Amino acid sequence: MRVYLPATTTVLQRLLDEGRLEGPHTVFTVTPQLRDFYELSDDHEELEYAALLAAARASLRLMDVDPLAARRRVVLAADVPETSVTPIQDEGADAGAARTTADLATSDIASAHIDGAEAEADVRAATAVVLEADLGSEEAQFVVDQAEGHELAWYATQEIGPALELL
């Protein structure tokens, strides 16, 4: 099952250094709740994109508590056993939120999605206010929307190391 793991550049470096990220992990994926929320039960590609975007927003939250991470959103697309994934059914959780008990090895990663340099200022600003946006601040939401307006660049697994070196 394809899942999208929100991450930071610090997490990415740990994956490269250690070859794995120990579970459990909060991830985003196509859950029944996500299908219901978007009413797109037949368009799996669109639903996966929605899960990727939710993971990108969660990456902002992770950067808020990781001052050493570059101010670029990071999402890892990974394949895990479907039996290891349980949707989070909490009323306040994102519709695509789930937990996986699986460890993620480098070989499980399908791709990495990372903001480009042009997004860094907007991501820095959004990181500072993402929690306020989550609590309903319209001004903070505007700042977060600016960051979310940037497309994440796609990297094959063999490109992750060189991409990190460029940051």
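**Figure 1. Pairing of strands S1 and S4 in the predicted model.** Strand S1, formed by residues 2–7, runs antiparallel to strand S4, and six bridges join the two. One point at which this pairing can be followed is Arg2, whose bridge partner in S4 is Asp79.

**Figure 2. Strand S4 and its pairing with strand S8.** Strand S4 comprises residues 74–79 and is mostly covered, with five of its six residues buried. In addition to its bridges with S1, S4 pairs with strand S8 (residues 109–114) in the antiparallel sense, over five bridges. Within this pairing, Ala77 has Ser111 of S8 as its bridge partner.

**Figure 3. Length and kink of helix H4.** Helix H4 covers residues 120–134, which makes 15 residues. Because each residue is expected to contribute 1.5 Å, the helix should span 21 Å; the C-alpha atoms at its ends lie 20 Å apart, in agreement with that value. The helix also has a kink of about 50 degrees, and this kink is centred on Ala128. Just after H4, Gly136 adopts a positive phi of about 110 degrees.

**Figure 4. Buried residues of helix H4 and their surroundings.** Which residues of H4 are buried? They are Val123, Ala126, Thr127, Val129, Val130 and Ala133. Among the elements that cover these buried residues are two further helices, H3 (44–64) and H5 (138–148). Two of the buried residues, Thr127 and Val129, may be located in this view together with Ala128, the centre of the kink.

Notes. Residues numbered from 1 in each chain as written. Predicted model: local features only at pLDDT ≥ 70, side-chain atom pairs only at ≥ 80, totals over all residues. Heavy atoms only, no water. Helix = DSSP H or I, 4+ residues; strand = E, 2+ residues; numbered from the N terminus. Expected span 1.5 Å × (residues − 1). Bend = angle between axes of the 7 residues up to and from the residue. Buried < 20%, exposed > 50% of the residue type's maximum accessible area, 1.4 Å probe, protein only. Contact = heavy atoms within 4.5 Å. Pairing = 2+ DSSP bridges.
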